[in-house]
Number of protein chains: 2
Amino acid sequence: MTTHFPFSAETYRARRTQFINFVKSGKYLFLSNDEVAYNYTDNVFPYRQDSSFLYYFGLDFPGIYGIIDADAGTTTLFADDIDINMVIWTGPMPSMKSLAEKVGIDMVLKVEAFEKSVSSDIHFLPPYRAVHSILLSKMLGKDVHSITESASKTMIKAIIAQRSIKSAEELVLMNEATTISETMHLAVMKATKAGLKEYELVALASKIAREHGTVWSFPPIMTINGQTLHNHGHHNELTEDRILLFDGGCELPSGYAGDLTRAYPVSGKFTNKQKEVYEIVLGAQKTAIDLIKPGEAYLNCHLASAHYIFDGLKQLGITKGDSNEAVQVGAHALFFPHGLGHMIGLDVHDLENLGEDNVGYDETFSRSKQFGLRSLRMAKKLETGHVVTVEPGIYFIPELIALWKDEQKFSEFINYQTLESYLDFGGIRIEDDYAVVAGGSKKLGDVNLPKEIGDVESVMSM
Amino acid sequence: MTTHFPFSAETYRARRTQFINFVKSGKYLFLSNDEVAYNYTDNVFPYRQDSSFLYYFGLDFPGIYGIIDADAGTTTLFADDIDINMVIWTGPMPSMKSLAEKVGIDMVLKVEAFEKSVSSDIHFLPPYRAVHSILLSKMLGKDVHSITESASKTMIKAIIAQRSIKSAEELVLMNEATTISETMHLAVMKATKAGLKEYELVALASKIAREHGTVWSFPPIMTINGQTLHNHGHHNELTEDRILLFDGGCELPSGYAGDLTRAYPVSGKFTNKQKEVYEIVLGAQKTAIDLIKPGEAYLNCHLASAHYIFDGLKQLGITKGDSNEAVQVGAHALFFPHGLGHMIGLDVHDLENLGEDNVGYDETFSRSKQFGLRSLRMAKKLETGHVVTVEPGIYFIPELIALWKDEQKFSEFINYQTLESYLDFGGIRIEDDYAVVAGGSKKLGDVNLPKEIGDVESVMSM
């Protein structure tokens, strides 16, 4: 149970007031996350509070519930004090009353009063844990299998509007999360060498995360097969000829996440071929970063990266033809099949549980159905206070190439012949986190984690 | 997705045959565990397969289902091959047919055939994850809130009977899990010193676990407040005057768990007071270990430890009066409020999801209602092939002592006056894992992890 609060009671109170001002009327339900059974009820995964609960209620433990009543302008916390019989297991605990004060809440009721306080028209968020589906179904008398359909659009909209814009206080924490994440990456970069197993590098990065009192913000990707985008196995041995791709970051006790990617040769020295592809990815990232400013659509940043990648591969003889046409039809997606990035905050894909389209798209921007572009998590205009990842990549995915080649798909834009010699290349992605500020962007993180080839080689030779 | 199998197809087939011979008739449902959302659907906790699924079906990934038909003597696996569109995310995957062969299953059907194959009288296990409650409710047309009540007693009994007895092959793996756990403990013992934060030692042990390709088998306890039994916070700084208590172990990729505890002074040198209490705990553990053999009730091992502890504390003037009477009424539980241990295997509390009373008690032994003894997870007779933890402890819990003192509870057995000077002592527990073998027991683990005071001090001074 956390008794440390990253923000003042005033901050939490102001957040709830802002929420009330946005929604204007109605009652809004906030459920704390429960413990989740690992292999039996009493053996649980590390506890993770729901991010919106953290944001508005600041309390980092299970079994508690919050209701914001916008009509009355009040907030109620439902929470029971620890029973003395539990003291031998949990140690002494502050009272719920005193904890509520820390987050600016005056009204604390017992949990037994909670269900009675929930009316059938209460607003709630779409559940992402099954236990919440069951609880909501029971309280609201709705079918457990379709409960998500009744989630409140008003509540979703209000929370996205508010949590998307990071305050100065939040940016300090996000900078800290990124700095620790950079420290993890720097250590892995220095330690990388042939003969190690991928999981030994995960062990090293884990140790650094934990030494800073943090945990992984998502299951890390640490692989010599970067061409497999979500590769969470870590059992390969590092070999000289491969590129190691490490995509990972830490989560602070306050919940804020870092998310960085680097990719470099296990050998410590880029071959010419590796250099050529790496420089294209790096250029694509810089091109996108240069565009970031309030008012710019993130879609444009993505497309600029896509263009850069297509043009770069043209220099290598891998692609051909008109770049505009090629990117428009999605020919680049054979090599760059994912989106440029996503918002980041209390969630590494910030607010994703409220619906990716609600977070990244709006009346102006709707999601494409095109392979590649359809995976772009955010297209809408950037605003001051947004924090986004910028993470283009180039991958040579043998199975996908074989599939497209069979169909001679986009053969006017792709030299399948030249591609043959890249089938064992792997994948490269470069990712940093940027806050949108007046007139441009600011990189998060205080560590200068190398990404220029010379700098990477220099760090790896230490 | 695991493509490594700890046992042969023959072994998995033999296990299912043994199960069929036990239950004789009926259909039995085995559900794989799903991924669990951390803070949104796509950000998941590390995957953990259900242990019974692992035991009978050996496949370590979600979205698959097994049915053992005892009437027909057949096993069916319901599993879909990976779609080519998923290949860019997951990489190439072996076919389900080929994976099923590895675990001796011939019949593989598509998942769409699964629901149709589930009749309302199918046997199933009590769900410990909410998503299984919802699935079972939907398939069987039963109320989601009371689905556990319909779980199959026959299936529970058969699985407990079978999984409780570890084969020679399983013991090799359990020995490996314990050996790695010992290595983690030895490193922490060597690194312990004042000024470190508890989480820095967790980081160290995590690193060693991961370097061996393993994970924590349960959330580790690493605390200078060992008197709080389930203390999962790691934010204290180690100080010279405290005892560090580390209770933790690793879980192999095959699922088998280790679970060890050591407690020693942060200073590296026991004070006389610490020595006196430590020797009692160590003696209580040895007394219990000496009793372990096939046919002995684990309850007797527990009570022997309780006696030893009560008698030992008498030497220190903390307890008084007749030991038999004191242990019978539970006066020792002020200091030793938990049970001696539990079975361990694929779960660190083995089979606990099937009901602790079903695992540890039977027609002969029923659970006590007495404080302390009621927390004993297992009382029944030991059998060859059982593996149990042996983990007595002595704790000075200020809140509990204050509560009992107020009531003058068991004042004929407890010198509350003498206890005053122990209120800041903390807690000590010593735990090892033992296999029950013909005529006695065998300690698991190949590392000589010290527990004698001289040996501990010697390792800590290195």
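In this predicted model, A:I68 stands opposite A:T75, a residue of strand β5 of chain A. The strands β4, residues 65–69, and β5, residues 74–78, of chain A run antiparallel and are joined by five bridges. Both strands belong to a sheet of chain A, while chain A itself meets chain B through a contact that takes 58 residues from each of the two chains.

**The sheet of chain A**

- The sheet is an open one, made of four strands of chain A in the order β1-β4-β5-β6, and the pairing within it is mixed.
- At its edges lie β1, residues 27–31, and β6, residues 107–109, of chain A, each of which pairs on one side only.
- On average, and with direction ignored, neighbouring strands of this sheet are turned by 20° against each other.

**Helices α1 and α7 of chain A**

- Helix α1, which covers residues 9–23 of chain A, packs with helix α7, residues 153–164 of chain A, at an angle of about 130°, and the axes of the two helices are 10 Å apart.
- Angles that are neither under 35 degrees, nor over 145, nor from 65 to 115 count as oblique, and α1(A) and α7(A) are therefore oblique to each other.
- The crossing in which α1(A) passes α7(A) is right-handed.
- From α1(A), the residues A:Q18, A:F19, A:F22 and A:V23 take part in the contact, and they meet A:T154, A:M155, A:A158, A:A161 and A:Q162 of α7(A).
- Sorted by class, this contact of α1(A) with α7(A) holds six nonpolar and three polar residues, and no charged residues.

**The contact between chains A and B**

- On the side of chain A that touches chain B, at least two residues each are supplied by β2 (37–40), β3 (43–44), α3 (87–90), α6 (130–140), α9 (198–211) and α14 (398–407) of chain A.
- Helix α9(A) gives the largest share of this side of chain A, with nine residues.
- The residues of the side of chain A that touches chain B comprise 29 nonpolar, 17 polar and 12 charged ones.

**How the two copies are related**

- A turn of 180°, with a shift of 0.0 Å along the axis, lays chain A on chain B with an RMSD of 0.0 Å.
- The two copies are thus related as by a two-fold rotation axis.
- Of the interface residues of chain A, 100% are also interface residues in chain B, so the copies meet through the same surface.

How values were computed: Residues are numbered from 1 along each chain as its sequence is written. Chains are lettered from A and ligands numbered from 1 in the order in which they are written. This is a predicted model: local features need pLDDT of at least 70, side-chain atom pairs count only at pLDDT 80 or more; totals for chains, interfaces and linings use all residues. Two strands pair if DSSP finds at least two bridges between them. Axes are lines fitted to C-alpha atoms, for helices over the stretch in contact, and angles run from 0 to 180 degrees between N-to-C directions. Two residues are in contact if their C-beta atoms, placed from the backbone, lie within 7 Å. Ala, Val, Leu, Ile, Met, Phe, Trp, Tyr, Cys and Pro count as nonpolar, Asp, Glu, Lys and Arg as charged, and the others, Gly among them, as polar. Copies are superposed by least squares on the C-alpha atoms of residues with pLDDT of at least 70 in both. A crossing is left-handed if the near helix is turned anticlockwise from the far one by less than a right angle, and right-handed if clockwise.
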